[in-house]
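Me: I have a model open and would like to learn how to read its features one by one. Could you walk me through it?

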Amino acid sequence: NEEWAIKIPAVEELPLPSDFFWGTATAAYQIEGAASQDGKGKSIWDVFSHLEPSRTNGDSGDMACDHYNRMTEDVKLMASYGVDVYRFSISWSRIIPLGGHDDPINEDGITFYNRLIDYLLEHKIEPFVTLYHWDVPQELYNRYGAFLDTDKFKSDFERYARLCFSRFGDRVKKWVTYNEPYIISIFGHHSGVLAPGHSAANGHDTKTEPWRVGHTLILSHAAVVKIYATEFQPSQNGIISIVLNGHFYEPWNADSVVHKAAAQRRLEFYIGWFADPIFLGEDYPAEMRTQLGSRLPEFTVGERSLLQETAPINAFYGMNHYSTKFARALSDPPAEDDCTGNVEEAATNSEGKMLGPVSGMSWLRVTPHGFRKLMNWVWNRYHLPIIITENGCPCPGESQMTLEQAVNDDFRVRYFGLYLDAISQAIHEDGVIVRGFCAWSLMDNFEWSAGYDPRYGITHIDYDTLVRTPKKSALYLQQSFDERRKRR
Ligand code: BG6
């Protein structure tokens with residue numbers, strides 16, 4: 001792709017506001033390792049990756065990047081990159097090994113996160129904390145199926161959240177409840193590619209489970225937002241919200257009313273599913289009700305008023321975004337088990353055109369134009385300041401590269417350059433409010449079902465020695481943010 005080959009971001013960088021912040025993002029299971037060190041309990045990922053190693057490329061997060069034991073080195077690395085924030089998740093089973101509202105607390109786990117937070121602040125890096133990034137304590141899954149029992153789960157999550165706010169909230173001022181509820185619901189309880197791996201093939205009712213799980217996530221998010229606002233925010237002065245992922249969807253045929261409607265419907269099934277109740281205090285999108293009927297749970301009157309009460313407390317829209325796809329309408333009527341809004345995702349359109357160069361993951365194409373459109377779609381619908389909580393890519397063939405090749409990650413540099421340009425355009429040309437950006441990821445890590453194969457890091461990890469080596473993209477981001485923020 002010639003157009004791609006000649007793009008040199010350093011020359012064309014577009015400005016960003018002077019108070020725009022940037023940082024990196026990680027998740028506990030993907031980097032910490034120390035799976036049973038210092039009293040940590042098991043999460044569903046500790047079990048899933050061992051029960052069926054073939055589902056994780058034969059890998060597990062037992063050791064991962066050993067961040068638990070190398071935390072100070074990693075914070076110093078980030079400081080050398082000049083980051084403003086670090087978005088990380090807390091491992092629930094590290095601080096409450098069994099997870100439940102009456103279960104004992106593991107003070108060693110609390111100490112680890114206290115040390116991390118203090119060390120970040122010493123290095124002038126703001127901690128940005130995700131309470132839940134996919135690793136529910138296994139014991140809660142054993143007891144009642146975790147998200148499948150809304151009331152029991154809610155009470156356990158509330159206790160866990162309270163513990164985090166009370167122990168860390170004096171220093172943590174940015175909170176996220178859940179990372180990507182869509183993935184938890186669909187990938188965990190429909191396709192089953194992620195823990196706990198529920199699918200129709202292993203006997204689960206995938207017609208209803210994902211929607212029940214989504215319902216639990218929405219209501220427990222709202223409950224925790226209310227707890228934060230009433231019990232902690234007055235003295236701690238922080239902000240809280242949720243992180244939603246979503247591709248942008250272009251119609252498979254741009255001239256077709258049917259495929260245009262499919263693209264819109266796909267966004268509603270992906271994003272509106274969570275964002276309409278959480279940010280607008282409304283019911284699920286009308287299209288979802290129409291297509292899913294009684295499979296989609298109803299909100300009670302009390303739940304509706306909780307959503308309405310908490311909607312305005314969410315202070316930002318946490319956006320994880322990587323790529324754009326085409327949306328192609330499937331024929332009516334929808335299949336009973338369909339969870340896509342009766343839409344097929346495609347990499348090429350009706351004319352066989354592709355959207356952009358492919359990265360090291362086949363689903364992830366370089367599509368900054370879609371990113372800009374998604375920021376606009378979200379802004380127009382929810383009117384909330386956006387924080388890009390994850391964005392990045394693996395370079396093609398990166399896992400087969402030598403260290404020298406891998407650290408010269410020009411593909412990733414260009415990807416970031418174009419995506420930052422899109423943010424600049426969304427802000428300055430479209431009037432969208434975007435406040436910050438977290439690169440996924442600080443370092444190569446355990447990429448769930450793909451194991452250690454894809455490398456998303458701006459830092460290279462040698463998985464034999466665990467040596468960390470900065471890639472060119474780390475330096476690029478530092479220089480690019482310095483430059484872009486000076487331009488206005
Ligand atoms: C995001 C997740 O969806 O994408 C991360 O929050 C994940 O945890 C990242 O690592 C990359 O996705 P994948 O599917 O390529 O591992």
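Reply: Gladly! One thing to keep in mind is that this is a predicted model. Let's start with the lining of the largest pocket: its residues divide into 16 nonpolar, 12 polar and 6 charged.

Me: How much space lies in the largest pocket, and which residues are closest to its centre?

Reply: Rolling a probe the size of a water molecule over the atoms shows where empty space is left. Here the largest pocket holds about 670 Å³. It is lined by 34 residues, and those closest to the centre are Trp134, Glu180, Ile183, Phe187 and Trp363. Two elements, α10 (181-189) and α12 (257-280), each give two or more residues to the lining.

Me: Which element gives the most to that lining?

Reply: That is α10, with 4 residues.

Me: Now the strands. How should I read the barrel, and in what order do its strands come?

Reply: Strands of a sheet pair through backbone hydrogen bonds, either parallel or antiparallel. In this model, 8 strands with parallel pairing close into a barrel, and the order is β1-β2-β3-β4-β5-β7-β10-β11. Ignoring direction, neighbouring strands of this sheet are turned by 25° against each other on average.

Me: Let me zoom in on β4. With which strands does β4 pair, and how many of its residues are buried?

Reply: β4 (residues 174-179) is mostly covered, with 6 of its 6 residues buried. It pairs in the parallel sense with β3 (residues 126-132) over 4 bridges, and phenylalanine 128 has lysine 174 in β4 as its bridge partner. β4 also pairs with β5 (residues 239-245), again in the parallel sense and over 4 bridges; there, valine 176 faces serine 241 of β5.

Me: And further round the barrel, what links β7 and β10?

Reply: Strands β7 (residues 317-320) and β10 (residues 386-391) are joined by 4 bridges in the parallel sense. To find the spot, look for glycine 318, which stands opposite isoleucine 387 in β10. You can also follow α12 here: this helix lies across β5 and β7 and runs at about 160° to β5.

Me: I also see a sheet with 3 strands. Is it open or closed, and in what order do the strands come?

Reply: It is an open sheet, ordered β6-β8-β9, and the pairing is mixed. β6 (248-251) and β9 (343-346) are the edge strands; each has a single partner, so one side of each has no neighbour in the sheet. On average, neighbouring strands are turned by 45° against each other, direction ignored. Between β8 (residues 324-329) and β9 the pairing is antiparallel, over 4 bridges, with phenylalanine 326 opposite alanine 346 in β9.

Me: Which helices pack on this sheet?

Reply: α12 does, touching β6, β8 and β9, and its direction makes about 120° with that of β8. Another helix to look at is α15 (residues 368-382), which lies across β6 and β8 at about 105° to β6.

Me: Last, a single residue. Where is aspartate 338, and is aspartate 338 buried or exposed?

Reply: Aspartate 338 sits in the loop between β8 and β9. Buried means under 20% relative accessible area, so at 13% aspartate 338 counts as buried. Leaving aside residues up to four places away in sequence, aspartate 338 touches Trp211, Gln291, Leu292 and Arg295. Try comparing sequence with space too: aspartate 338 and histidine 190 are 148 residues apart in sequence, with 9.8 Å from C-alpha to C-alpha.

Notes:
Residues numbered from 1 in each chain as written. Predicted model: local features only at pLDDT ≥ 70, side-chain atom pairs only at ≥ 80, totals over all residues. Heavy atoms only, no water. 1 Å grid on protein atoms, 1.4 Å probe; cavity = no way out; pocket = protein on both sides within 12 Å on 5 of 7 lines; lining within 4 Å. Points joined across faces, edges and corners; volume = space filled by probe spheres on them. Nonpolar A, V, L, I, M, F, W, Y, C, P; charged D, E, K, R; others polar. Pairing = 2+ DSSP bridges. Axes fitted to C-alpha atoms, helices over the stretch in contact; angles between N-to-C directions. Contact = heavy atoms within 4.5 Å. Buried < 20%, exposed > 50% of the residue type's maximum accessible area, 1.4 Å probe, protein only.
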